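Biologist: Could you take me through one part of this model up close? I'd like to hear about an internal cavity and whatever is built around it.

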Amino acid sequence: MRCSFGLAALAALASSTYGRVYYEETFSDPASLDTFIATEARSDLGAIKLSKGKWFSDDENSIGLQVSEDARFYAYSAKLNRPFNTKGKDFIVQFTVKYEQDIDCGGAYLKLLPPTLDPAKFDGESEYEVMFGPDICGSTNRRVHAIINYNGTNNQIDKVVQPRGDQLTHQYTFWVKPDKTFEIRIDNKVQEEGKIEEFWKVLPEKQVADPDAKKPEEWVDGPAMIEDPEDEKPEDWVDGPETVPDTEAQKPEDWDDDMDGDWEAPVVANPEYKGEWKPRMIKNPEYQGEWSAPLIDNPNYEDDEDLAVFNIGYIGLDVWTVKSGTIFDNILITDDIDYASQFGNSTWADYVEKEIEVKKAIDEEEAEKLEAERKVKEEERKAKEEAEKEKAEDADELDENDDVKVDAAEPVEEKAEDETMSAADTCERLSVLSGYPMMQHLASAYPSMLSKQWVGSITDDGAALLPIGIFATLHAIRVAYEVRKGMQLAGRQPLLQELFTMLTFSFGGAILTSLMLGRTQPWLESNTTVPVYATAYLLMACMPGDLLYLFLRRTAPISDVFLAGVDGLIRGYGVTAAGVDLVRGMQGQAVSHSLVAWIVTGTVLGSGGGIIDDFLQISRARWAFRTPSMFTSVSLDIKLSFGATLGYILTTHAWTFAEHAPGFPLSSTLDAVLAMVPHLSDHEAHVISGLLCSAVLSTTAHMRAGQYAAAERASLATARRKKTDEVASDSGADIESDSE
């Protein structure tokens with residue numbers, strides 16, 4: 001941006017009033033681009049052109065040199081009006097930059113090159129005297145380069161000066177003074193200033209540590225904090241043991257010492273335990289801080305009068321940019337700061353406000369355009385949703401009409417027991433029902449909850465929330481009901497096969513965890529567990545008139561939600577109390593300290609039946625081993641069991657790095673993070689875990705009830721159509737027979 005008439009007058013005045021101008025380019029002349037010579041050292045250069053950009057303050061005064069191709073190197077140089085040796089003179093390089101493209105990565109700096117440069121060989125390795133200007137790559141790697149060459153070595157300024165990264169034009173000024181001080185300005189405001197030797201470490205230090213000095217023997221440089229010798233441990237402080245035998249626990253009546261070994265009461269947290277006592281820390285009264293040798297004058301230091309003297313003959317553009325659009329303008333090299341200020345005012349400062357106004361208007365116009373496009377897309381989205389909704393309603397209406405056409409009084413014949421379906425058909429039917437394999441969400445909570453070691457309720461303190469007998473019965477009915485529903489849609493199997501499937505889903509978690517931990521299968525230790533679950537399924541599958549099954553179907557979704565809620569209570573409590581706590585209580589074994597063992601046990605405990613079915617397809621007519629779908633799509637059972645397990649461990653603060661993995665890196669930091677989780681007692685965590693699992697399963701059951709009803713209606717409609725076709729076929733055969 002510039003005013004041509006004013007610049008002409010300014011240049012004439014400079015020759016008499018101001019110091020010398022060694023280079024000045026405002027790109028007002030179209031031929032000015034030809035003064036920048038492209039290097040021949042590489043053939044993949046990006047092209048440069050004269051441009052005002054997409055927004056500008058003035059048609060005539062806004063033209064600059066623009067890099068015009070994406071992801072390219074640029075290596076161009078232009079010769080100064082006359083060589084410039086800065087010894088005994090002020091040195092000022094000044095230019096403006098506009099990152100019109102909203103820069104993400106690209107340089108916009110200039111190199112000042114010696115008179116000996118060969119423009120045809122100019123590249124990134126060419127020697128230069130000064131490199132100055134902004135360089136931006138990403139949100140963190142941003143700085144204004146201020147590099148000076150001293151004795152053949154390029155030296156960057158120690159301080160990071162932040163560039164301007166918006167899309168407006170900004171002016172950059174580097175002023176080196178004869179007294180070896182400097183200023184870096186952006187938009188006429190000083191960003192950094194001081195002595196060259198303090199900001200560029202090119203000379204030896206004036207002072208160094210005395211190599212002959214020695215730390216006094218009585219010097220105390222640590223520790224800064226010490227234990228208070230007067231602090232004493234309180235008499236009532238209990239620092240062990242952390243756990244004690246549960247005095248309220250009683251040996252089960254059916255415990256056999258010969259078979260089960262010596263009975264030991266379970267351990268509980270010692271309520272009086274306060275942890276290891278340590279005296280409080282106080283400041284060390286003898287601490288003097290870190291000792292350092294006194295400074296002396298550096299015998300190797302020697303001042304250099306030519307520290308900031310440069311010999312310049314060319315100006316060079318040697319940058320890489322990812323996105324094109326950067327515009328360089330108003331380049332000036334002079335030895336007079338007053339002229340540089342006048343030049344900056346007339347070419348940049350006088351046009352700043354106008355450029356801001358133009359940019360704001362363009363942004364507002366673009367915002368309005370985007371908003372209009374958003375509204376159009378929103379209208380299209382709503383229209384599409386309405387069309388899909390109407391299509392779905394029409395399809396439902398057609399299905400209802402088809403149902404009405406079939407005689408509702410006609411009995412629907414169930415599939416014969418020996419009639420089987422393919423695994424693919426079964427999977428498809430089950431997917432229609434629930435969106436994931438039906439049998440995966442039938443995995444039960446840990447069956448040891450049915451053993452006599454557990455009190456007759458699900459609370460830790462013995463308060464009767466609900467007798468375990470009722471819980472076991474309701475859970476057995478829930479599993480039997482879900483298995484029967486799945487078989488009803490997928491095709492009934494022989495009774496013993498269905499019964500085996502039901503028991504596997506009921507005890508799958510216990511089977512897998514007992515195998516992992518090397519423990520006796522708990523469901524084998526009880527005389528009532530297997531009979532209760534087997535009886536539940538026999539009633540569900542074989543009761544005359546299907547009374548139990550039809551009752552639950554008629555009361556759906558209330559029955560589905562209620563039974564799912566019971567399942568959630570048992571599952572949430574089981575994966576925590578009978579899963580995590582089981583492993584925690586295996587004293588003397590390494591697994592009791594393993595966080596992985598805790599999590600795996602709790603997760604498998606709540607989803608083991610589904611995992612077995614995923615591997616062996618036991619809910620299908622033909623069993624077959626396959627790659628489990630859990631490796632590509634994790635079931636709700638696994639997610640819920642994992643979440644309950646992890647939540648229990650975190651909220652009870654049962655596992656810490658300091659206690660279970662003291663050698664782990666950053667253990668104290670990680671424990672501090674874990675300590676931020678709200679702390680609950682084991683009892684509170686058990687109850688909350690059960691309630692949350694109950695809420696999730698109840699909600700899911702309510703959502704799936706409608707889907708199952710739709711799948712059931714479709715199955716009935718198919719059966720009715722099949723029956724009608726069979727009747728019509730039989731009638732046609734009779735007529736043909738009579739005719740003969």
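Modeller: Here is a walk through one cavity and a strand that helps line it. Bear in mind that this is a predicted model, where local features need pLDDT of at least 70, side-chain atom pairs count only at pLDDT 80 or more, and totals for chains, interfaces and linings use all residues. Residues are numbered from 1 along each chain as its sequence is written, and side-chain values use heavy atoms, with hydrogens and water left out.

Searching the whole structure turns up 6 cavities of 30 Å³ or more. A cavity here is a set of points on a 1 Å grid over the protein atoms alone where a 1.4 Å probe fits but cannot get out, and lining residues have an atom within 4 Å of a point. A volume is the space filled by probe spheres set on the points, which are joined across faces, edges and corners.

Let's take the second largest, at about 90 Å³. Its lining has 13 residues, with Ser62, Lys98, Thr169, Ile327 and Asp329 nearest the centre. Strand 6 (91-99) and strand 22 (326-334) are the elements giving two or more residues to that lining; strands are DSSP runs (E, at least two residues), numbered from the N terminus.

Now for strand 22: 9 of its 9 residues are buried, meaning under 20% relative accessible area (1.4 Å probe, protein chains only). Strand 22 pairs antiparallel with strand 6 over 7 bridges, pairing being at least two DSSP bridges between two strands. There, valine 97 sits opposite phenylalanine 328. Strand 4 (residues 64-67) also pairs antiparallel with strand 22, over 2 bridges, and glutamine 66 has isoleucine 327 as its bridge partner.

Definitions and conventions
1 Å grid on protein atoms, 1.4 Å probe; cavity = no way out; pocket = protein on both sides within 12 Å on 5 of 7 lines; lining within 4 Å. Helix = DSSP H or I, 4+ residues; strand = E, 2+ residues; numbered from the N terminus. Buried < 20%, exposed > 50% of the residue type's maximum accessible area, 1.4 Å probe, protein only.
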